[in-house]
Amino acid sequence: MLQFLQLVASGVAQGCIYGLIALGFVLIYKATETVNFAQGDLMMVGGFLGLTGTLAMGMPFWAAFFAALVVMLFFGMALERAVLRPLLGQPAFTVVMATIGIGFLARGIVTMIPEWGTDTHVLPVPYKDQVVHVGGLVLSMEHIVIVAVTAMLILALYLLFKHTKIGIAMQATSQNQLAAFYMGIPVRRINMLVWGISAAVSAGAGLLLAPITFVHANMGFIGLKAFPAAVVGGFGSIPGALVGGLIIGVVETLAGFYLPEGFKDVAAYIVVLIMLAVKPNGLFGENLRKKV
Amino acid sequence: MTDVILQLNNVESAYGPVKAIRGVSLKVARGSIVTVLGANGAGKSTILKTISGIIDPQKGSILYHGEPIQKQDPAWIVRQGIAHVPEGREIFPLLTVRENLLMGAYTRPLGDKAAVEQEIEQVYGYFPILQERAGQPAGQLSGGQQQMLAISRALLARPTIMLLDEPSLGLSPKLTHEIFEIIKRINRERGVTILLVEQNARVALKYADYGYVLEVGRIVMEDPCSVLREKEDVKEFYLGIKDSGVRGTRRWKKKKTWR
């Protein structure tokens, strides 16, 4: 039993990472109806920024963390302005290909930067290798920090979307873009901001993940695991993304321990297939029909 | 007409290769209710969309207070005091009723917060049901309530002129009259000029002061509504009143003359 709880705890931590990346997917999907396949790579860039902040510039870890978030916020906005906005009105296929392109480009450019390169790096964090004993459970500090920081990020986003004018306008724009235009909401600028927030959230995920894995050019492929998370939660639901992430994280960890070798990596997709068969809209899928 | 607040001069708009309005000129006097009648596809909604900047006209000019406003950003046009109540309501379904209203006031500066709150109360005065439902997602409202919300939301932009696109769409005759009574009240009490586009000619002619008839993208007739109501062609084609001839028979196919 204790072992089971131990696994669930580390699954939850892993799930938070998936949830944060899925949140990035969902934000962009809701606002612009495009799937950003470069989400994982934005996370990777965020990880490298943290690395540079702490190692090359000698910033304390948390300062580097927030600096990376801010830089990624602007990076995401610039990306929308430079790449996505010119494609406005093009078929979804074009936009998706563009995001895949951004992903490849990001990976390529990162390997060209001398300090970053193709090596795997260790991100030094102040809470490295610490453990906390709760009852019989041994929780690693890395996992606790992941859960705590995820909770804080989610709370910040919740306050933004529920209690600020710009946040409500973001929701409004994602629900009815035409009406948003009619209200005089600057739809394009709102979409730019959504890209920025999404990139920042992904960067946060990358920086939280870095202590338990490593920072390297291909760490963005974890984004492929965040897809199932978004689908399980119901693509387009923010709480759904997080819950989906937790489910995938826990299932994956348990499958990795109790099931034969190899099941760890497919478990997430098995969950998705079951989900799509049973409840195609996902757990939190929104379904409000328009009245005539 | 004195004191023209909005004027369209020979405006042409198109959706890609399909020309929707072909040289429309009309004038809206300050404080009046002006209606544009027309069948499906006559280009009524296109006129409103062109005014509010959702579509840029290919030709012609739109003058608001005598200044050209065509090809401007929709947000800029809202800030000038032109609010659009779109066809089919177009509310934000997952936002609450109150949040929808706040979005109507989006273009107003943050310092206006107290005034906005006060106006939300005023709007609740027009439509008490919205106050009861203030915390509910707008998508759960009935069609008529959504229409009320759409009108209220536009009012919160504090418009000088309000563009109403088929407010009677999908509503019962009773509800239609209720909504038009309120529109009339808004016009009289707050001095909001109203440009109204309708298929329901009977109601529109009853409440409006001046009317235009639009057919396949062109204005074919204009007059004060009291005059329009008596025109033979309007009666027959828009009001469905058939005048039987001297011999008690009608020609089954009659040409519109618009005279």
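This is a short talk on the two chains of this structure, how each one is built and where they touch.

Hello everyone, and thanks for coming. One thing to keep in mind from the start: this is a predicted model, and every value I quote is computed from it.

Let me begin with chain A. What does its secondary structure consist of? Chain A has 11 helices and 2 strands. If you read along the sequence, the pattern is α-α-α-α-β-β-α-α-α-α-α-α-α, so to speak four helices, then the two strands, then helices again to the end.

How do the overall dimensions look? The C-alpha trace of chain A spans about 60 × 50 × 35 Å along its principal axes. A compact globule of 292 residues would have a radius of gyration near 19 Å, and chain A agrees, because its own value is 19 Å. As for burial, 49% of the 292 residues of chain A count as buried. And if you take the contacts in chain A with a separation of 6 or more, 74% of them are between residues 24 or more positions apart.

Now please look at the start of chain A, at helix α1, residues 2–32. Does its length fit what we would expect, or how far apart are its ends? The end C-alpha atoms of α1(A) are 44 Å apart, and this agrees with the expected span because 31 residues at 1.5 Å a residue should cover 45 Å. Is this helix mostly covered or mostly open? Mostly covered: 22 of the 31 residues of α1(A) are buried. Just after α1(A) comes A:E33, and its phi is positive, near 55 degrees.

Let's move on to chain B. Here we have 10 helices and 10 strands. The radius of gyration is 19 Å, close to the 18 Å that the globule rule gives for 259 residues, so chain B is as compact as a globular protein of that length. Its C-alpha atoms fill a box of roughly 65 × 40 × 35 Å along the principal axes. Of the 259 residues of chain B, 45% count as buried. For contacts in chain B with a separation of 6 or more, residues 24 or more positions apart account for 68%.

The part of chain B I would like to spend some time on is a sheet. In what order do its strands lie? It is an open sheet of 6 strands, ordered β6-β7-β8-β3-β9-β10, and the pairing is mixed. Which strands stand at the edges? Those are β6 (82–85) and β10 (218–224) of chain B, and each has a single partner strand, so one side of each is left without a neighbour in the sheet. From one strand to the next, the twist averages 15 degrees.

Inside that sheet, find strand β3, residues 33–38 of chain B. Since 6 of its 6 residues are buried, it is largely enclosed by the rest of the structure. Both faces are covered: B:I33, B:T35 and B:L37 are buried on one side, and B:V34, B:V36 and B:G38 on the other.

What are the partners of β3(B)? On the one hand, β3(B) runs parallel to β8(B), joined by 5 bridges, and B:V34 stands opposite B:L195 there. On the other hand, β3(B) pairs with β9 (residues 210–215) of chain B, also in the parallel sense and over 5 bridges. In that pair, B:T35 has B:G211 as its bridge partner.

Going on along the sheet, β7 (residues 161–165) and β8 (residues 193–198) of chain B pair in the parallel sense over 5 bridges. One pair to pick out on your screen is B:D165 with its bridge partner B:V197 in β8(B).

A quick stop at a single residue, B:A14, which lies in strand β1 (residues 4–15) of chain B. Is B:A14 buried, exposed or partly exposed? It counts as partly exposed, because it has 17 C-beta neighbours inside 10 Å. Leaving aside residues up to four places away in sequence, B:A14 touches B:K19, B:A20 and B:Q58. B:Q122, by contrast, is 108 residues away in sequence and 39 Å away in space, C-alpha to C-alpha.

Finally, where the chains meet. How many residues does each chain bring to the contact? Chain A brings 18 and chain B brings 25. On the chain A side, α6 (165–175) and α7 (177–182) each supply at least two residues. The most comes from α6(A), with 5 residues. By class, that side of chain A has 12 nonpolar, 4 polar and 2 charged residues.

That is my tour, and I'm happy to take questions.

Methods
Residues are numbered from 1 along each chain as its sequence is written. Chains are lettered from A and ligands numbered from 1 in the order in which they are written. This is a predicted model: local features need pLDDT of at least 70, side-chain atom pairs count only at pLDDT 80 or more; totals for chains, interfaces and linings use all residues. Two strands pair if DSSP finds at least two bridges between them. Axes are lines fitted to C-alpha atoms, for helices over the stretch in contact, and angles run from 0 to 180 degrees between N-to-C directions. Two residues are in contact if their C-beta atoms, placed from the backbone, lie within 7 Å. Ala, Val, Leu, Ile, Met, Phe, Trp, Tyr, Cys and Pro count as nonpolar, Asp, Glu, Lys and Arg as charged, and the others, Gly among them, as polar. A residue is buried if 20 or more other C-beta atoms lie within 10 Å of its own, exposed if 12 or fewer, and partly exposed in between; C-beta atoms are placed from the backbone. The radius of gyration is taken over C-alpha atoms; the globule rule is 2.2 Å times the number of residues to the power 0.38. The expected span of a helix is 1.5 Å times one less than its number of residues.
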